[in-house]
Amino acid sequence: LLRQMARTMGEELEVREYDRFSPLEAQERGLGGRGYGGVKSGDCVVAFSRKDIFQIKGQIERRSGHRCCVVYGALPPETRRQQARLFNDPDSGFDVLVASDAVGMGLNLNIRRVLFHRLEKWEGQGVVPLSASAAKQIAGRAGRRNSLYPEGLYATIDEDDLPTLRALLAEAPQPLGAAGLFPTFEQIELFAGLLPGEPLSRLLQRFSEECRLEGRYFLCHYEDLIKVAKVLDKFPELTLREQYNFCTAPVKTSCGKTMRVFHGYVAQYGEGEAVPVAVEVSEEVPRTALQLKEMETKHQILSLWFWLAQRFDNGLFADKEGAQVLLDRSIALLNLGLESYGRQEEKGHAGHRAGAEGRGKAGRAPGAGLGRRGRPSGGRAAGGRRAREKASAPRRGSPKPPKDVAPPALSPVEARA
């Protein structure tokens, strides 16, 4: 497919092939029948929903003595890199990682073993089996060259899933059959000339119905863009170019708050008024999974504002310095919130029966706060990865641990997040 695309564009394509330098082996009884109490230093548990990730993090920290970093797609890139640094630092006190498939995207990690929570994930409109290419990408993060571990291991939480995972990793890669295309502004402008007076949402719908693609190409999914275009239809004073730029903005259409703020941006821009960020970021550290999610949404809105400011250079997106302060603060608060998440939860569990679910409250990291421009200052988790090795050993007379996380029934929005 790539060769055909290169020929079509008159470009040269050079293909290089690489072999894995370190071995990657299956582990039959990954957790030794102990559930998440059996994780070890350097482990990475992979789950495919934000809800599962925080539930698993809580179980591991309550049952094993290890502390967990988390990585998933909704986190800002800066926060994902900070979580990776904590996990890689043997003296940070964080020696286990719980992550989504975002773990395979651009992060260098010292992973000894990858543990798959499930072998299915939400994909657009339903739950589908994990593909062979995704399984290879995720499992292959263990024992990378130049990491602390000379060989990598992989296992499944449900031992019955291991034969399926083995088969996925042994499967030959399937060649890509087609590539997606999306119309440029010039193509939409030309098409609009044939349908004068049509709103943008209708233009995009008609374009998808009328266009014909040659060979191994298909039209990219456009449903979310039509949702955004229906918002823009209410502002006929915008030019087609302005509508197209707004329509292609990185708006999370499944988030009601984001869509409301975006609607306000468009309305103020259409009136020729200055477009404020319209987001408040206090200095309070997020204490629960819900508060962390709210802070993630604020960061996404701030990133959206900056994206629009770069595309509309007419002075209406003016307060870039103030917006940058809020953006830096949101990242700093997310970093502090993730580092301290779970500590208050552990205290809450001390007075309850084993297995009771805490409310996920967490305090500010000791000595941690916000410095100039919202950046974190001070504070660090105590202990280290080496110290956790002894803590992971089972104790006599310990109460029976709670059962592992059962795969929850997720709404499309939760699963996508």
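This briefing covers the fold, the parallel sheet, the nonpolar cores, a few individual residues and the confidence of a single chain. The model is predicted, with an average pLDDT of 83 over the chain. The chain has 15 helices and twelve strands, and buried residues make up 47% of its 417 residues. Two stretches, residues 348-383 and residues 386-417, have pLDDT under 50.

**Overall make-up**

- Among contacts in the chain with a separation of 6 or more, 72% join residues that are 24 or more positions apart.
- The chain has an accessible surface of about 22,100 Å². Carbon and sulfur atoms account for 50% of this surface.

**The six-stranded sheet**

- Six strands form an open sheet with parallel pairing, in the order 1-8-5-2-4-3.
- Strand 1 (24-26) and strand 3 (68-71) each have a single partner strand, so they stand at the edges and one side of each has no neighbour in the sheet.
- On average, neighbouring strands in this sheet are turned by 25° against each other, direction ignored.
- Helix 5 (residues 162-170) lies across strand 1, strand 5 and strand 8. The helix runs at about 135° to strand 8.

**Strand 5 and its two partners**

- Strand 5 (residues 113-116) runs parallel to strand 8 (residues 152-156), and four bridges join the two.
- Within this pairing, Arg113 stands opposite Leu153, and Phe116 has Thr156 as its bridge partner.
- Strand 5 also pairs with strand 2 (residues 43-46), again in the parallel sense and over four bridges. Here Val45 has Leu115 as its bridge partner.
- Strand 5 is covered on both faces. Arg113 and Leu115 are buried on one side, and Val114 and Phe116 are buried on the other.

**Nonpolar cores**

- The largest nonpolar core has 74 residues. Those with the most contacts inside it are Ile60, Phe246, Tyr265, Trp305, Leu308 and Phe317.
- Helix 11 (residues 289-311) gives the most to this core, namely ten residues.
- A second core, separate from the largest, has 30 residues. Phe94, Ile111, Val114 and Leu165 are among them.
- Beyond its neighbours within four places in sequence, Phe246 is in contact with Val228, Leu232, Leu238, Phe262, Val266, Tyr269, Leu308 and Phe312.

**Gly30 and Arg166**

- Gly30 is found in the loop between strand 1 and strand 2. Its relative accessibility is 9%, so Gly30 counts as buried under the 20% cut-off.
- Leaving aside residues within four places in sequence, Gly30 is in contact with Arg113 and Ala155.
- Gly30 and Tyr154 are 124 residues apart in sequence, and their C-alpha atoms are 7.9 Å apart in space.
- Arg166 is found in helix 5. This residue is partly exposed, because its relative accessible area of 34% falls between the 20% and 50% cut-offs.
- Not counting residues up to four places away in sequence, Arg166 touches Ala26, Glu28 and Tyr154.
- Arg166 and Tyr154 are twelve residues apart along the chain, with 9.4 Å between their C-alpha atoms.

**Gln83**

- Gln83 is found in helix 3 (residues 77-88).
- With a relative accessible area of 1%, Gln83 falls under the 20% cut-off and is therefore buried.
- Apart from residues up to four places away in sequence, Gln83 touches Cys69, Val70, Val71 and Leu338. Of these contacts, Cys69, Val70 and Val71 lie within the range of edge strand 3 (68-71).

**Confidence**

- A pLDDT of at least 70 is reached by 82% of the residues.
- Over residues 348-383, where pLDDT stays under 50, the model has 83 contacts beyond four places in sequence.
- Over residues 386-417, where pLDDT also stays under 50, the model has 50 such contacts.
- Where pLDDT is low, the predicted coordinates should not be read in detail.

Technical notes. Residues are numbered from 1 along each chain as its sequence is written. This is a predicted model: local features need pLDDT of at least 70, side-chain atom pairs count only at pLDDT 80 or more; totals for chains, interfaces and linings use all residues. Side-chain values use heavy atoms; hydrogens and water are left out. Buried means under 20% relative accessible area, exposed over 50%, partly exposed in between (1.4 Å probe, protein chains only). Contact means heavy atoms within 4.5 Å. Accessible areas come from the Shrake-Rupley method with a 1.4 Å probe; for residues, only the protein chains shown count as cover. Two strands pair if DSSP finds at least two bridges between them. Axes are lines fitted to C-alpha atoms, for helices over the stretch in contact, and angles run from 0 to 180 degrees between N-to-C directions. A nonpolar core is a set of buried Ala, Val, Leu, Ile, Met, Phe, Trp, Tyr and Cys residues joined through side-chain atoms within 4.5 Å. pLDDT is the predictor's confidence in each residue, from 0 to 100.
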